[in-house]
Amino acid sequence: MSAEIERKFLLPAFPAAELDNNEITIVSKQYIYQTYLAFSEDQEIRVRQLVDRSGVSHFTHTFKSGHGMVREEIEYNISEPIYKQLLARTGLIPLEKIRTTVEVQGLHFEIDEYKQVDLVVVEVEFPDVEAARLFEVPSWFGRELGAEEEFRNKSMWVKLQTP
């Protein structure tokens, strides 16, 4: 298991001005369909279909454990037939988002624009807790969301399952 160390912030909107001013550079863009297969208070198992700009899909299976800035994570690729088999006949609605990875002064930020809710967030992953603690938050970021349950992907996904 490896540690995932990240901080998550609200964005008022996609940072188009920063892109136009060359303050940020787009590295990649993906459409993500994210579905949870099982979860508890501090653990989750999910699958994803990730579609790149050219339309090519790949699929992942992920286990996460913990809360807050540091969580344990195991993620690996699975085949499309396994992905489809895991979701067959579940009737589950995936959480859909467009993830744009941008580079800013050597750091990568992941901007997620959610499709079923009016929300744009940015996540920054770090190599260690000290780097996360020392991170200088850019002026175009909004408030930090790391401790707010309603902004966790799992929480948003659960709301989609109940009409």
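**Strand pairing, ring pairs and the largest pocket**

Q: What lies between β3 and β4 in their hairpin, and which residue in the turn has a positive phi?
A: In this predicted model, β3 and β4 form a hairpin with four residues between them, and G55 in the turn has a positive phi of about 95°.

Q: What makes β3 and β4 count as paired strands?
A: Pairing requires at least two bridges between the strands, and β3 and β4 are joined in the antiparallel sense over nine bridges, so the criterion is met. Within this pairing, I45 stands opposite F63 in β4.

Q: How do you know that β4 and β5 are paired as well?
A: The cut-off is again at least two bridges, and β4 and β5 have seven, in the antiparallel sense; T60, for instance, stands opposite N77 in β5. These strands also form a hairpin with four residues between them, where G66 in the turn has a positive phi of about 110°.

Q: Which strands pair with β1, and over how many bridges?
A: β1 pairs with β5 in the antiparallel sense over four bridges, and with β8, also in the antiparallel sense, over five. The bridge partner of E4 is R71 in β5, while that of E6 is E125 in β8.

Q: How many aromatic pairs are there, and why is the pair of Y31 and Y33 called tilted?
A: The count comes to 12 aromatic pairs. The rings of Y31 and Y33 have centres 5.0 Å apart, which falls within the 6.5 Å limit, and planes at 35°, which is neither under 30 degrees nor over 60, so the pair is tilted.

Q: Why are Y31 and Y33 described as partly exposed?
A: Partly exposed lies between the limits of 20% and 50% relative accessible area. Y31 stands at 24% and Y33 at 25%, so both tyrosines receive that label.

Q: Why is the pair of F109 and F141 called edge-to-face?
A: The ring centres of F109 and F141 are 5.3 Å apart, within the 6.5 Å limit, and the planes stand at 70°, over the 60 degrees required, so the pair is edge-to-face.

Q: What makes this pair a tie between separate parts of the sequence?
A: F109 belongs to strand β7 (residues 107-114), whereas F141 is in the loop between α3 (129-134) and α4 (153-161), so the pair ties together parts that are 32 residues apart in sequence. Ring pairs also link F109 and F141 with F9, F126, F135 and W140 into a cluster.

Q: Are F109 and F141 buried or exposed?
A: Buried means under 20% relative accessible area; F109 has 1% and F141 has 7%, so each of them counts as buried.

Q: What is the volume of the largest pocket, and which residues are closest to its centre?
A: The largest pocket has a volume of about 570 Å³. Of the 33 residues that line this pocket, E4, E6, K64, E123 and N153 are the closest to its centre. Among the elements that each supply at least two lining residues are β1, β4, β8 and α4.

Q: How many residues of each class line the largest pocket?
A: Its lining has 20 charged residues, seven polar and six nonpolar.

Q: How do you know what confidence the prediction carries?
A: On a scale from 0 to 100, the chain averages a pLDDT of 94, and 99% of the residues score at least 70. Confidence is lowest in helix α1 (residues 16-20), with a mean of 93, and highest in helix α2 (residues 80-87), at 98.

Note on methods:
Residues numbered from 1 in each chain as written. Predicted model: local features only at pLDDT ≥ 70, side-chain atom pairs only at ≥ 80, totals over all residues. Heavy atoms only, no water. Phe/Tyr/Trp six-rings, centres within 6.5 Å; stacked < 30°, edge-to-face > 60°. Buried < 20%, exposed > 50% of the residue type's maximum accessible area, 1.4 Å probe, protein only. 1 Å grid on protein atoms, 1.4 Å probe; cavity = no way out; pocket = protein on both sides within 12 Å on 5 of 7 lines; lining within 4 Å. Points joined across faces, edges and corners; volume = space filled by probe spheres on them. Nonpolar A, V, L, I, M, F, W, Y, C, P; charged D, E, K, R; others polar.
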